[in-house]
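Work through the exercises below with the sequence and the model side by side. Try each task before reading its solution.

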Amino acid sequence: MKEFKSKQVLLTIMCDDLMISMSSQKTPVDSISRKSSTSVDIDKEEESEHHEETLQEQSRRLSEVIKSRTELYQLQKDVPATQSTEIIEKEETSGIRYMVKEVATAKEHGGDYKQRSLTALRTSIGSFVTFAVIVYPQQEVLGAVWIGNIFMHSTIKTSFGSSFTCVLGFGRSVILTTAISWPVAFSINLLSTEHASIILPFLVFILTFLIMSCPPLVSRNLMILVMYIVVASPVREDMIWWKPFSWVATYLIGIMVALLSNIIPFPNFVLKSTHKKLQKFENDFAMLLLETKAYSENTAITPALSIAARASIELLQSRICSTIKELKADLPATRTELEIRCKKKASKALSDWVIDCQDLLTPLRMLRNALAQRLLGEEYDVYSPHLREAKKIINEEVGSSRDRLADAMIAAIAVCHAHADPNSHRTVLPHLTPELDFALKECRQSFHWAIAKAAKKLGVNPQSTSPIFAHLTRRMAAFNALFDIGDILLAHLKKYSWELESFNEEAKQGPCNCITSMYHTHLKMRWSPWLWHKPDSYRLALKTSVGMSIASLFISIPYLWRISQPFGVWPGLTIASVNLVTTGSSFSKAGDRLFGTMLAAAYALLVTDLFPGNSDLVKIPALTMFTFILIYLRGNKHAYANTYAATSIGSMFYGSVKNDFDFDGYIPKRIELIFAGVVIFSLVEFLLFPRSSRKVVEETSFQFFLTMNSFLKQAVKCTKLMETYVCELGKSSSSDYAAELFRNSIDPFHLDKLSEYHDMLQIQSSKLKKEIDSSIEEPHVGLSTPLHPESFRGIVREQFNSEIQAFILIDSLKELAGHYQQEGHPAREFNWPHFHTELLQGISETLDYICKWLETTFPDGRLRPQNGNSMKAITAAASFRSLEDVRLQSISKWSNNFQQFLSVEGFDTSDPEAIMTLGITTDCLLELCLRMQKAGRHVEEIVHHFPSTN
C-alpha cells in the first residue's frame, strides 16, 4: 500500500510538471528577451499591443485545449486499492448489460459504430430506394435493375463531394460507352444468330481494348460491363432498339439515388470533417511544439520526463503526418463542395494550404528521427556530467528564443487554418509575418551561440568528445527541422496581405460562372495520350480483352450457350470485375467475389424458403436489411467481399427475371458461371500474361541496394570535386581554375547526376510500396518459398526512409556547394569537403562490399532461396552489421573535425547556416547508415525462413 501511494505521488508530480510546462505558453510576448543584435523593432506602434494581446489569447486558448486533451491523468486517491474481481468479472460479462455498457462507452474506447451505422444506413436506404423506384414501372421499361444497384453502390462514397465527382464521371462514361456500343449492337441485331456468334468475340476484344485504353473514361471495368450487356444481348435474342437507353436510365437512377443518399436523411459533407481535421492538425501541432520544449527542458534534469516527451513526439508526428495525408485525399471532394457553393476563393485557399502542408512531412520526419533516436555512443554516456552540462547550456541559451518561436509557429498555424478553413470565423492576427520572421532569425542566432558555448565549455574533455558531439549533431538536426517548419509557414504567410484580407467574405460569383467552372473541372473532355503507351496499362487492356473474348464464347458457341442460358454473360462480367493490374490483388478480389456470392446465395435461398412467392414487399426489405448488416460489418482487409455480397443479393432477387424468378435454378447457375469466369481469368493471368508482383518485389528490393551503392559512389565523386575546387582556390591560379570550372559546366560538382540516382531510388521505392500488398496476396503455388510479410514490409519501409535521407543529403550538399563558392567562407578555409569525402567513402566502400556479397549470393538478382544458399545468404545479410562500425567511426571523425574547426576558426567568424548544414549532412549520413543497417536486419529475417539443405 505504501508503494502504491509513493507511485501515486510521483505520477502526480510528473503530471503537475507537465501542466506547468504547458501553461508557460501563456507568457506574454514582450517578456521574452531578444538576444540577437540584428533584431527589428516591430512593437513600436499601437497595433503591436493588440497583436501581443491576440497572441496571448491564442496561446491561452491553445493551452486550455492541450490541457483538456492531455493523456496523462492523476490517480484517483478515493478509489479503493482492492476490489472484488469476482464482482467485476461478473458485471463485465453479463450479456445484454455488457453490450449496453460497451455501446455507451464506445466513443471513449475509440469505437466508430456511429460512423459505421450512418454509412450502412445510407447504403441500405440507397438500395431500398433504387429497387423501389426502378421496380415500380416493371422491368420491361427499366431493365437491368440489379446493375442500377451496382452503380448505386459504386457511387455512394465517403462524402457528398466525392459522390458528386463520381456521379459526373460515371454519367459521362456511361453515356459515351453506350454511344459507342449501341451502333455495334444494332448492327449485330440485323445479322443472323450464326453470323453474330462468329463476330462477337472479335468485337468484344476490340471494344474492350478501346474502353480500357480510353483516357476520359472512369471505372473502366464497370464500363466494360455496360458495353458487354449491350453488345452480347442481341446475339441470342431480339433486342428493341431503345432497350440500351432504358438500361442507361436505370444506371443513372442508381447513380442519382447514391448522390441523394449523401444528403437525405443524414447529410454527409466533407467540409465538416475537413474542419475537424484542421482543428486536430492545429492542436496536435501545438502539442508537438510543447512536447519538444518539454524534451529540451528536461533532457538534462529529469530523464523520465524527457523519455515521455520523446514518446509523445513520436505519437504526435505520426498523427500530424496522417492528418496531412487525409486532408490531401479529401481535397478533391472538398473543392467540389466549395465550388458547388460558389466559393472558389475558399477552395483555392484550402488547396494552397494543403499543398504547402505536404512540404512539412520531411522536416517532421527529421524532427522525429533527431529526438527519438540516439546515435551510437551517446547511450553509453547518457548520465555523464559533461553531457548533462552541454544539454543545460543549450537549454539556457536557446530557451527564451525557442519559446518565442514556438508561440509564433502556433499562432501561424492558427492563422493559416483560419484562412484555409471555410467554416472558420476567427479574426486574423496582425503583424504575424514579421513576428515569425524575427523569431526564426533570433532562434537561429541563439542556437548558434548555444552550440558555440557548449562546444567551448566541453572541448577540454576529450574522453567524452564522441557522445557530446553526437548530441550536438542531433540537436542541430532537431532545430534545423524546426527552422524548416518555420520557413514553410513563413513562406505561406508571405503569399497574402493579411492586414488587407477578409476571410469571412467571399468574392461574389454568379451562377453562370459557377456552372462554367464546374464544367471545365468535371465535364469537359480532356484527351490525354491513350493509355496503351504505358506498359502496365497496355498489359491490363490486352489481358482483359483476351479474357472477355474467351468469356464471350459462352454466348457464341451453342454448346456453351445451352449450359449457361439465359445467363451466359456472367463469366464475362466476372472477368471485367476482378481483372486488376497486379496478380495478387486480382486473385484476392476474385476470392472475395466468390465468397460474397456464396454469402448472398445462402441468404437468398433462406428468404425464398421462409417467404415463398415473388413479392416485392418481401424482397426489398430483405435485401435492405442484408445490405445494412454487411456494410456495417465491412472491414478494410476484405471490404470487397461484403460490398459484392450486398450488390449480389439484388442480382439474385431481381436478376432471375429471365427464368421467371426460379431462385432454386438461378442461384446455383450464377455461382457456376462466376466460378467459370474466375477460371478463365486465372488461365489468362498465369498462362498468357504472367506477371508476378512477388518477382517485382524480390528484384526491386535487391536492386535498391545496388542503386544506393551507385548513389553513394556518385556522392563521393561530387565531394571530391568540391575538395579539388576548395584546394585549387588556395593556389595562385585559383581565379583561372574557378573560371575554367564554371565555364565548362553549369553543374561543376555533378550534383545533377546525383539527383538522377535519387530519382531512380524514388522510382524503385514507389514501385515497392505499390507492389508489396499484391506480392503478399499472390497465390502460392509451391514453386518457391512464400514471402515473409513482416520482413519484406520492413525492407520496403526502411528503403523508403533511406530514400528520404538521400534527398536530404542532396539538398545539404547543394547548400554546402554554395558556401564553398563564397570567397573567404570559414567552411571553405577548413576544407570540409575532404571530411565529407572520407565519411562518404567509408560508407560507400562498406555498402559496395555488401552489394558484392549480395550479387554473389543471389545471382539472379532476387531475394529468394537459390541452390541451398541459406548459410551463404546469412553471411551476406550479416555484412550489413558492419555499418554499425561505420557509424561509430563517422561520429568519431565528426567530433574530431568539429572540435578542430572550433579551435581554429571559432564561432565568432563562422556562418550559422553553414554550421547547421554541416551538422545536418553528418546526421543524414548516419541516419542513412542506420536505415540500411535495419534493412539488412530484415534480410536476415528473410534468410531465417529459407529451407535448409538436405
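**Exercise 1. A pair within one helix**

Does Lys753 count as buried, partly exposed or exposed, and what is its relative accessibility? Then describe its partner.

Solution. The model is a predicted one.
- Step 1: buried means under 20% relative accessible area and exposed means over 50%, with partly exposed in between. At 38% relative accessibility, Lys753 is therefore partly exposed.
- Step 2: the side chain of Lys753 meets that of Glu756 in a salt bridge, at 3.7 Å from N to O.
- Step 3: both residues belong to helix α29 and are 3 residues apart, about one turn of the helix.
- Step 4: Glu756 has a relative accessible area of 44% and is also partly exposed.

**Exercise 2. Pairs between helices**

Find which helices are tied together by the salt bridge of Arg402 and Glu297, and do likewise for Glu314 and Arg368.

Solution. Side chains of opposite charge can pair when their charged atoms come close.
- Step 1: in the bridge between Arg402 and Glu297, the closest N and O atoms are 3.4 Å apart. Arg402 sits in helix α15 (residues 385-420) and Glu297 in helix α11, so this pair links parts that are 105 residues apart in sequence.
- Step 2: Arg402 is buried, at 7% relative accessible area, while Glu297 is partly exposed, at 23%.
- Step 3: Glu314 and Arg368 form a salt bridge at 4.0 Å, N to O. Glu314 is in helix α12 and Arg368 in helix α14 (residues 361-372), so the pair ties together parts that are 54 residues apart in sequence.
- Step 4: Glu314, at 28% relative accessibility, is partly exposed, and Arg368 is partly exposed at 30%.
- Step 5: the structure holds 31 salt bridges.

**Exercise 3. Backbone exceptions**

Locate the residues Ser219 and Cys342, which have a positive phi, and the cis peptide bonds that lead to Pro265 and Pro566.

Solution. Most residues other than glycine have a negative phi, and most peptide bonds are trans.
- Step 1: Ser219 has a phi of about 45 degrees. Its place is the loop between α8 (193-213) and α9 (220-236), and it is partly exposed at 35% relative accessible area.
- Step 2: Cys342 has a phi of about 60 degrees. This residue is in the loop between α12 (303-340) and α13 (344-357), and at 19% it is buried.
- Step 3: the bond from Ile264 to Pro265 is cis, with omega near -5 degrees; Pro265 is in the loop between α10 (243-261) and α11 (270-298).
- Step 4: the bond from Gln565 to Pro566 is cis, with omega near 0 degrees; Pro566 is in the loop between α21 (558-564) and α22 (570-578).

**Exercise 4. A nonpolar patch**

Which helix gives the most residues to the nonpolar surface patch?

Solution.
- Step 1: the patch includes Ile550, Phe675, Leu683 and Val781, and its members together have about 900 Å² of accessible area.
- Step 2: helix α26 (residues 663-688) gives the most, with 6 residues.
- Step 3: Val781 lies in the loop between α29 (751-777) and α30 (789-820) and is exposed, at 54%.

**Exercise 5. Confidence**

Where is the confidence lowest, and where is it highest?

Solution.
- Step 1: the mean pLDDT of the chain is 79, and 78% of its residues reach 70 or more.
- Step 2: the lowest confidence is in helix α1 (residues 2-23), with a mean of 38, and the highest is in helix α20 (residues 553-556), at 93.
- Step 3: over residues 1-55, pLDDT stays under 50.

Conventions: Residues are numbered from 1 along each chain as its sequence is written. This is a predicted model: local features need pLDDT of at least 70, side-chain atom pairs count only at pLDDT 80 or more; totals for chains, interfaces and linings use all residues. Side-chain values use heavy atoms; hydrogens and water are left out. pLDDT is the predictor's confidence in each residue, from 0 to 100. Helices (H or I, at least four residues) and strands (E, at least two) are DSSP runs, numbered from the N terminus. Contact means heavy atoms within 4.5 Å. Patches are made of residues with over 30% relative accessible area and no salt bridge: like charges are joined within 9 Å, nonpolar side chains (Val, Leu, Ile, Met, Phe, Trp, Tyr) within 5 Å. Accessible areas come from the Shrake-Rupley method with a 1.4 Å probe; for residues, only the protein chains shown count as cover. Buried means under 20% relative accessible area, exposed over 50%, partly exposed in between (1.4 Å probe, protein chains only).
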